[in-house]
Amino acid sequence: MKFQSFKFKVLEFFVYGVILNTTNFISKCRDKLKTKFYLYSMTGLVYKSTGSWYTVKSEKGDFIECRMKGKFRIKGIKSTNPIAVGDIVDYELEESSDTVTGTIHKIHDRKNYIVRKSVNLSHQMHIIASNIDRVFLLITINNPPTTFNFIDRFLVTAEAYGIETILVFNKIDTFDDATLDEQLYMQHVYQEIGYKCLRASSTEMKGIEELKAMMIGKVSMFSGHSGVGKSTLVNAMEPSLHLKTKTISEASKQGQHTTTFAEMYDLSFDARIIDTPGIKGFGIVDMDAAEISGYFPEFFKLKEQCKFNNCLHKDEPHCAIKAALEKDEIAWSRYRSYLKILEGDDENYRTDIHNEDRIISDKTRE
């Protein structure tokens, strides 16, 4: 009996040893796999998108040129550029070439993004940037002209995607009395609605400190027509960047493209800025007619007072929006923009901005 008991003890120790060694072996393998995985799969932030290559900043602060692995199909998005500046991505390093590059294999969920209709593909959209805290829409009055229609289309899209927009009336140093009057009227229209407005001049350094204060600790985006002074304004805030700038074309009164691709920059005052190419027009992407008025804040406040729940504020009787319009409680320029969007009038979004309706009539001045 004692001998059998001894044999069982030996067998027990043997089995225990095998289990212990196997467990240690598995643990070591798991650690090795973890090390290998984390070595080759990393997370970074997209700083620049050229359509085929993406500049990604790693968590360590290194910049890696990356390509996209295969085709990305993002649910609910028909986009010409599946990866955009501001995206958080996972990528793997490629060691086969002399230059270290990466391959992006995953896009993290976005908290928001701002889009416009693709110029060449009307049924698709182009993501301008993602994961934005604030958008600064730069507006100029004459060089080049920025219309109410363009501003309102941009604001509707920003409202739809939940992005705060601040209107920056730029180049105020170039204003004569008539231009100043026009600018102050536009500013009044949007301040009455509740939008923050800022007046700026890179030449005279006006509004620069206020602009910087709004950007601290945030990812901001500058947008607007070519020639409104986006890159010049960034240079005024951060002279060391030396972004390229160009003058306005005298023939067309429009800006010339200097920023070819969207690009993010780290600024010295704890801020990030996304500088974007100039936009000639802003086509609205897939919105139901019933939801459009909800993206006009002054309409949204009144729409429950309409007699019909499905009121489109066109021909329906007892419409609160039309009643407010007749009392000049809503700007006529905003209502005209609403009707153009509602009717799907995207013809002007591809056209020369110099030929757009300025929508500043005697009625809106009253």
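Does Glu204 count as buried, partly exposed or exposed, and what is the relative accessibility behind that class? The first legend gives the answer; the structure is a predicted model.

**Figure 1. Glu204 and Lys206 form a salt bridge.** Glu204 counts as partly exposed, because its relative accessibility is 41% and the class covers values between 20% and 50%. Lys206 is partly exposed as well, with a relative accessible area of 41%. The side chains of the two residues meet with N and O 3.0 Å apart.

**Figure 2. Arg334 and Glu298 join two helices through a salt bridge.** The closest N and O atoms of Arg334 and Glu298 are 2.7 Å apart. Arg334 belongs to helix H9 (residues 332–342) and Glu298 to helix H7 (residues 297–300), so the salt bridge ties together parts that are 36 residues apart in sequence. Both Arg334 and Glu298 are buried.

**Figure 3. Asp87 and Arg110 pair between two loops.** A salt bridge connects Asp87 to Arg110, with 2.6 Å between the closest N and O atoms. Asp87 sits in the loop between strand S3 (63–68) and strand S4 (88–94), while Arg110 sits in the loop between strand S5 (101–107) and strand S6 (113–117). The two residues are 23 residues apart, and the pair links distant parts of the chain. Asp87 and Arg110 are both buried. In the whole structure, a search finds 12 salt bridges.

**Figure 4. Gly44 is a buried residue of strand S1.** Strand S1 covers residues 41–49. Gly44 has a relative accessible area of 6%, which means that it is buried, since the cut-off is under 20%. Beyond its neighbours within four places in sequence, Gly44 is in contact with Val56, Lys57, Ser58, Asp87, Ile88, Val89 and Tyr91. Asp87, one of these contacts, lies 43 residues from Gly44 along the chain, yet their C-alpha atoms are separated by 8.5 Å. Lys57, also among the contacts of Gly44, is linked with Asp266 and Arg272 in a network of salt bridges.

**Figure 5. Strands S12 and S13 form a hairpin.** S12 (residues 263–267) and S13 (residues 271–275) run antiparallel and are joined by five bridges. Glu263 has Asp275 in S13 as its bridge partner. Three residues lie between the strands, and Asp270 in the turn has a positive phi of about 60°.

**Figure 6. Helix H2 is mostly covered.** H2 runs over residues 148–160. Its 13 residues should span 18 Å at 1.5 Å a residue, and the end C-alpha atoms are 18 Å apart, so the two values agree. Of the 13 residues, 11 are buried; among them are Phe148, Phe150, Ile151, Phe154, Leu155 and Val156. Asp152 and Arg153 are also buried. Gly162, just after H2, takes a positive phi of about 70°.

**Figure 7. Lys171 is buried and has no salt bridge.** Lys171 is in the loop between strand S9 (164–169) and helix H3 (177–193). Which side chain of opposite charge is nearest to Lys171? Asp173 is, at 8.4 Å, and a salt bridge requires the atoms to be within 4 Å. A polar atom of the Lys171 side chain does lie 2.9 Å from the backbone oxygen of Asn143.

Note on methods:
Residues numbered from 1 in each chain as written. Predicted model: local features only at pLDDT ≥ 70, side-chain atom pairs only at ≥ 80, totals over all residues. Heavy atoms only, no water. Pairing = 2+ DSSP bridges. Helix = DSSP H or I, 4+ residues; strand = E, 2+ residues; numbered from the N terminus. Expected span 1.5 Å × (residues − 1). Buried < 20%, exposed > 50% of the residue type's maximum accessible area, 1.4 Å probe, protein only. Lys, Arg positive; Asp, Glu negative; His and termini not counted. Polar contact = N/O pair within 3.5 Å; in protein donor to acceptor, adjacent residues only side chain to side chain. Contact = heavy atoms within 4.5 Å.
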